[in-house]
Amino acid sequence: MKLRKNTPITTNSRTNNSTQNLSLSQDGNEKKKTHIPKSRFSLNKVFLACLVTRVVNALLIQTYFNPDEHWQALEVAHKLTFGYGHLTWEWNRGIRSYLHPSIFALLYKVLAFLHLDTPWFMMKAPRLLQSIFSAVGDLYLYKLSKILFGEHVARWALFAQLANWFIFFCITRTLSNTLETVLTLVSLYYWPCIRTSSGEDPLAPRSWGLALAALACAIRPTSAIIWIYVGLLELFSTLHRVKFIFVEVIPIGGLVLGLTFLLDRMMYGSWVFVPLNFLKFNFLSSGGDYYGTHPWHWYFTQGFTVMVFTFLPFVVAGIVISKEWKLSGLIAWVVGIYSILGHKEFRFVLPVLPIALMFSAVALAKLGKTNVSYGQNKASQSAATRSSIKTKLAVLFLLGTNLPMALYMSMVHQRGSEDVMYYLSREAVNGEITSVLFLTPCHATPYYSTLHHDIPMRFLDCTPSEEKGYLDESDKFMMDPVGFTSEFAKNWSIPSHIILFDSQEKLLKEFLASHQFHEIKRFFHAHFKVDRDLQASVVLYAFRGH
């Protein structure tokens, strides 16, 4: 696939708009300049603005999105640092690498050393750390957009990245997908097949891009979907293919993955090749389907479309205007490959969302572009005014639709799961909690990484089974809450507290009263249901017997 083969190159020393890299020829077609003028904004200022935004972003996140944010990252890190925490079944089967949790384990060690492992810091510090990584990703999206389209488009790309509701909602969470997204943006900047060179911003060593791509694959093996595409583009475009494969790809990839292999050997206590185990479970055996499946078109009709949201028309227009088929092809490739798999989630395609938003920036820049010259006639002035109005309306439309969505999803929807654990963590400091039972679907709340006290806790197991028709504890409870809980209570050690959703509480009120449990606090959770019955609130009960 070749890019801009026949695109003419022009220079214009008389233009007053030195920040734009897109121009129109006399026949109305887009032209590109290879010269990139000096930026009005230093990269330090751009990064500082991104960092402040992401720190605020992280502090505003108060809702529960995906269990992996806690159970596959922070819970593992907590166990590594403090010696207690729960490892889910994935760690018993060796399909997760310790590389990503180790980052947060280091953070926890610092907090413990400084005696800052308090309830607030234990909840907020991991996302604040992720906000730093996310700001780096924002910066590199700006840099990539600038090298491809010029500073004017780059500024719009930064606007789109900071304004998009799903980026705001997800990018500072401690999911491995968010770090994968950051690594993808940084790495793409260094691949010659993706970017173009200029005198002011020369091509950096390709080895950086390779190392970061390998790191992304070490953190999430499915990131290989992205880098197979980019690697093939580079292979077909480079003049030194043998060097690329044997001097760069194999040594650099082998070094990064080898070091990860050694880390996992140290943590697991035996030789475990995580990428192979991950591939077997998620691709060869369709193990991910255990957690639900969607039709093949879900990403196109719902998933990725919802993530892009009201930026969608601008994304489509930007792809057509820019004719950057390599990057638009990357989006299509990633979404297409993930569409083949039965189990689908929003976060799987997060790494290509910023790329889509970059294309929306091309359309937004074009929308507000006018050719300004001295002595322009009234018709030109009128056109400039109309263009300015269109731009302002577009910005108001995008902010008016994305910001309310971002704030609602980040601060309101499904917040009860986090609120109840934060409350318990503060109560545990005062010795008010001795044991907790979670009568909820499995992994519905954070766990020891938030509570941060070594007390007995029990949740309903949902380990996958190869046996057809197998019902785990979580399934049995959801099908018959009263029957399951009554049977479960025959052999339990009475907990000091029980957590459950109001939809099951209604059915278990008699059971709870008969066992001398009384409601002590109720936490708002959601206004509408997602994939189960409406879980409007999370309810905390305490044992009041003698």
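These notes cover the overall make-up of a predicted model, one nonpolar surface patch, and two loop residues with positive phi.

1. Overall make-up. The chain has 546 residues, and 53% of them count as buried. Its secondary structure consists of 22 helices and 7 strands. The accessible surface amounts to about 24,900 Å², and carbon and sulfur atoms account for 62% of that.

2. Contacts along the sequence. Take the contacts between residues at least 6 apart in sequence: 74% of these join residues at least 24 apart.

3. The nonpolar patch. On the surface, L59, L106, V110, F113, L114, L116, W120 and F121 make a nonpolar patch of about 740 Å². Helix 4 (99–113) and helix 5 (119–149) each supply at least two of its residues. Helix 4 gives the most, with 3 residues.

4. L114 within the patch. One of the patch residues is L114, which sits in the loop between helix 4 and helix 5. Its relative accessible area is 47%, so L114 is partly exposed.

5. K323. Which residue lies in the loop between helix 14 and helix 15? That place belongs to K323, with helix 14 covering 312–322 and helix 15 covering 325–340. Phi of K323 is near 60°, a positive value in a residue other than glycine. K323 is partly exposed because its relative accessible area is 44%.

6. Q414. Phi of Q414 is near 65°, again positive in a residue other than glycine. Q414 is found in the loop between helix 17 (378–411) and helix 18 (416–429). Is Q414 buried or exposed? Its relative accessibility is 17%, and buried means under 20%, so Q414 counts as buried.

Terms used
Residues are numbered from 1 along each chain as its sequence is written. This is a predicted model: local features need pLDDT of at least 70, side-chain atom pairs count only at pLDDT 80 or more; totals for chains, interfaces and linings use all residues. Side-chain values use heavy atoms; hydrogens and water are left out. Patches are made of residues with over 30% relative accessible area and no salt bridge: like charges are joined within 9 Å, nonpolar side chains (Val, Leu, Ile, Met, Phe, Trp, Tyr) within 5 Å. Accessible areas come from the Shrake-Rupley method with a 1.4 Å probe; for residues, only the protein chains shown count as cover. A salt bridge is a side-chain nitrogen of Lys or Arg within 4 Å of a carboxyl oxygen of Asp or Glu. Helices (H or I, at least four residues) and strands (E, at least two) are DSSP runs, numbered from the N terminus. Buried means under 20% relative accessible area, exposed over 50%, partly exposed in between (1.4 Å probe, protein chains only). Contact means heavy atoms within 4.5 Å.
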